[in-house]
Amino acid sequence: MRIAIAGGGLGGLTLARILHRHGIDAMVYEREASRSARSQGGSLDLHPESGQRALADAGLAGRFRSAARPEGEEHRILDPAGRTLVHHRPQPGSFTGRPEIDRSALRDLLLDSLPGDAVAWQHRLVAATPRPDGGFGLMFDGGHSADCDVLIGADGARSVVRSLLTDAALSSVATLVELSISDADRRHPDLAELVGPGNLWCIGVNQILAAQRLGDGSIRVGISLRADDRHLDTYRSKRALLDMFDGWDPSLTALIEAGDGPPTPRRIEAMPTGTRWAHQPGITLIGDAAHLMPPVGEGANQAMLDAAELAAELATNPADPDSAIQTYEEAMFTRIHPIAEMSARVQAMMLSPTAADDIIRFFTPQPAESAPAGRAAIL
């Protein structure tokens, strides 16, 4: 059984690792030239019931604990005047919650757990064609080709594999503008203290200014705005961004001014909630390829859980991969639907005119209740 995994992100690598542990070979085809070809983004919080469970199945729980930063769970939510609305401090050294780990560190952890030839770099899938006798012929940018019996699309938001299963259209849900501040403790100690070891969210009307500490001491700044029709070039100027935050406390907008380079904007898109497809032999999707959601804390976690559940089914029934895929898909559709609905609601809440009041209610435990289970999911 030749298994091809299109995409070497967290979901695809988790899948390859767990299959490898079960003695099942899989080839990962990744479009990037190498593991260090580009920045992997900020950090993420791995949830016990999804991301951490997948790493346990991968036999990597111990290595995760060595690389994770439980102090990164700390977060503060402020208003535009700099007043604290919420301040969560995790128990020092505790791994019982959702410890942070840099995406690059998690990806390296997964890559290092695979055989050296398990990832084919610089292989961007451009077409997959069903073969008469089953399986697929794969064509890659640059003319490379390969065949497989089972094709798994882990190729993200713009998945090529998805188009073989569904014509679900993506819709824009927000605009995200990112900046980076390197060596923050030395170069910008005031901002380092403001952000702390975890996450800072400054909630305005229809806009958020956020910052996140990474393991290398840098700060990743993110500006979230409601989706609009303005060209992305509108957001490539610090001056234009500062104008959008006119009237905010200067100690907060200093996060924009301190960015090392020009801002990098991009559209945030999502698939329709409840997207499903009719099962087809020898092919399926995981992660953003299967259920692209607003980025409120579930994407990577659910991609890794997809990988763990699909790998378990394939390992249990290797002689009948189609039955394994069908079982995985039905369970995944059921699991993802409420999570996608929650993600859409949180995204709308965070960029609403009443976001600050909504956030306070969201984080305030009711009598005889504990803190909301979704506390870290939106950070």
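This short talk walks through a few strands, a pair of helices and one annotated residue in a predicted model.

Let me begin with the open sheet, in which five strands are arranged in the order β7-β2-β1-β11-β17, with parallel pairing. The edges of this sheet are β7, at residues 119-120, and β17, at residues 283-285, and each of these two pairs on one side only. If you follow the sheet to the β17 edge, you will see that strand β11, residues 150-153, runs parallel to β17 and is joined to it by three bridges. Within that pairing, I152 has T284 of β17 as its bridge partner. As a reminder for anyone new to this, strands of a sheet pair through backbone hydrogen bonds, and they do so either parallel or antiparallel.

Both kinds of pairing can be found around strand β13, which is where I would like to spend a little time. With strand β4, residues 75-78, β13 pairs in the parallel sense over four bridges, whereas with strand β14, residues 207-213, the pairing is antiparallel and extends over five bridges. W201 is a useful residue to look for here, since it is the bridge partner of I77 and also stands opposite A210 in β14. Between β13 and β14 the hairpin has three residues, and in this hairpin N206 takes a positive phi near 65°.

How much of β13 is covered? Strand β13 spans residues 199-203, and five of its five residues are buried. The cover applies to both faces, with N199, W201 and I203 buried on one side, and L200 and C202 buried on the other.

Turning now to the helices, I have picked out α1, residues 10-21, and α4, residues 103-112, whose axes come within 9 Å and cross at roughly 25°. Because angles under 35 degrees count as roughly parallel, α1 and α4 are described as roughly parallel to each other. The crossing in which α1 passes α4 is left-handed. On the α1 side the contact is made by L10, L13 and T14, and on the α4 side by R103, L106, R107, L110 and L111.

Finally, a word about R38, which an unreviewed UniProt entry covers with the annotation "binding site". R38 is placed in the loop between β2, residues 26-29, and β3, residues 43-45. Is this residue buried, exposed or partly exposed? R38 counts as partly exposed because its relative accessibility is 45%, and the class in between lies from 20% to 50%.

Notes. Residues numbered from 1 in each chain as written. Predicted model: local features only at pLDDT ≥ 70, side-chain atom pairs only at ≥ 80, totals over all residues. Heavy atoms only, no water. Buried < 20%, exposed > 50% of the residue type's maximum accessible area, 1.4 Å probe, protein only. Pairing = 2+ DSSP bridges. UniProt positions renumbered as here; feature names shortened; annotations may be inferred. Axes fitted to C-alpha atoms, helices over the stretch in contact; angles between N-to-C directions. Parallel < 35°, antiparallel > 145°, perpendicular 65-115°, else oblique. Left-handed = near helix turned anticlockwise from the far one by under 90°. Contact = heavy atoms within 4.5 Å.
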